[in-house]
Amino acid sequence: DSALLFAFIMTESHGDETAKNENSTAKGYGQLLNGTATYVYEVVMSNGEGTYNTSMALNGDTNIEMTANYLAYLKENCSSVNEIITAYSGEDNQEYKNEINKWLAKADISIADLNNEMY
């Protein structure tokens, strides 16, 4: 869902493709950690082992593609949008969900609406 992708990007990096988290290895629009980014690029996106380079996370197009593929992967492996959000962020955090909902509201949709549509 493009609205959910947008909400994650805005929540994670405020739309800054060069964003870097000073407390982790997260970078780019989706703020994927190096390990997650490697898995998504090499396995989920079928690019093959050893093809991911951490600088790729700072390429906006590549980062958006990885973030979208990661969300699609989570959708296949989670039973609700709330579970996707928890898996993506690494914790069940209501403030994080509120931030996602704030950005979803720009598209006149909510987590609950997406949950009804997707599951």
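These legends go with a set of close-up views of a predicted model.

**View 1. Helix H1 meets helix H3.**
Start with two helices: H1, which covers residues 2-13, and H3, which covers residues 60-77. They pack at an angle of about 120 degrees, and their axes are 10 Å apart. Angles of 65 to 115 degrees would count as roughly perpendicular. H1 and H3 are therefore oblique to each other. Their crossing is right-handed. So who touches whom? On the H1 side look for Leu4, Leu5, Phe8 and Ile9, and on the H3 side for Ile64, Thr67, Ala68 and Leu71. Sorted by class, the residues of this contact come out as 7 nonpolar, 1 polar and no charged.

**View 2. A closer look at Ile64.**
Ile64 sits in helix H3. Is it buried or exposed? Neither label fits, because its relative accessibility is 30% and Ile64 counts as partly exposed. If you skip the neighbours within four places in sequence, Ile64 is in contact with Leu5, Ile9 and Tyr29. You can also look for Tyr41, which is 23 residues from Ile64 in sequence and 11 Å from it in space, going from C-alpha to C-alpha.

**View 3. Tyr29 in the loop.**
Now leave the helices for a moment and find Tyr29, in the loop between H1 and H2. Being in a loop doesn't keep Tyr29 from being buried: its relative accessible area is 15%, and under 20% counts as buried. Which residues does Tyr29 touch, leaving aside its neighbours within four places in sequence? The list is Ile9, Glu12, Ser13, Gly15, Asp16, Glu17, Gly60, Asn63 and Ile64. Take Glu17 as one to check for yourself: Tyr29 and Glu17 are 12 residues apart in sequence, and their C-alpha atoms are 4.6 Å apart in space.

**View 4. Helix H2 crosses helix H3.**
Here H3 has another partner, helix H2, made of residues 34-44. The axes of H2 and H3 come within 10 Å and cross at roughly 80 degrees. That makes H2 roughly perpendicular to H3. H2 brings Thr36, Ala37, Tyr39, Val40, Tyr41 and Val44 to the contact, while H3 brings Thr62, Met66, Asn69, Tyr70 and Tyr73. By class, that gives 8 nonpolar, 3 polar and no charged residues.

**View 5. Helix H3 against helix H4.**
Stay with H3 and move on to H4. At what angle do the axes of H3 and H4 cross? It's roughly 125 degrees, and the two axes come within 9 Å. That makes H3 oblique to H4. This crossing is right-handed. From H3, pick out Thr67, Tyr70, Leu71, Leu74, Lys75 and Asn77, which meet Glu83, Ile84, Ala87 and Tyr88 in H4. The residues of this contact split into 6 nonpolar, 2 polar and 2 charged.

**View 6. The buried face of helix H4.**
Which residues of H4, residues 81-89, are buried? They are Val81, Ile84, Ile85 and Tyr88. Seen down the axis of H4, these buried residues fall within an arc of 95 degrees, so they line one face of the helix. Here's a handy idea for reading such a view: an α-helix has 3.6 residues a turn, so residues three or four places apart point the same way. Among the elements covering the buried residues of H4 are H1, H3, helix H5 (94-104) and helix H6 (111-118). Just past the end of H4 comes Gly90, with a positive phi, near 85 degrees.

**View 7. The buried side of helix H5.**
In H5, the buried residues are Tyr96, Lys97, Ile100, Trp103 and Leu104. They cover an arc of only 120 degrees around the axis, which puts them on the same side of H5. H1, H4 and H6 are among what covers them.

**View 8. Zooming in on Lys97.**
Lys97 belongs to helix H5. How much relative accessible area does Lys97 have? The value is 10%. Lys97 is buried for that reason, since under 20% counts as buried. Aside from neighbours within four places in sequence, the residues in contact with Lys97 are Asn82, Ile85, Thr86, Asp92 and Ile111. Ile85 may look familiar, as one of the buried residues of H4.

How values were computed
Residues numbered from 1 in each chain as written. Predicted model: local features only at pLDDT ≥ 70, side-chain atom pairs only at ≥ 80, totals over all residues. Heavy atoms only, no water. Axes fitted to C-alpha atoms, helices over the stretch in contact; angles between N-to-C directions. Helix = DSSP H or I, 4+ residues; strand = E, 2+ residues; numbered from the N terminus. Parallel < 35°, antiparallel > 145°, perpendicular 65-115°, else oblique. Left-handed = near helix turned anticlockwise from the far one by under 90°. Contact = heavy atoms within 4.5 Å. Nonpolar A, V, L, I, M, F, W, Y, C, P; charged D, E, K, R; others polar. Buried < 20%, exposed > 50% of the residue type's maximum accessible area, 1.4 Å probe, protein only. Arc of directions from axis to C-beta.
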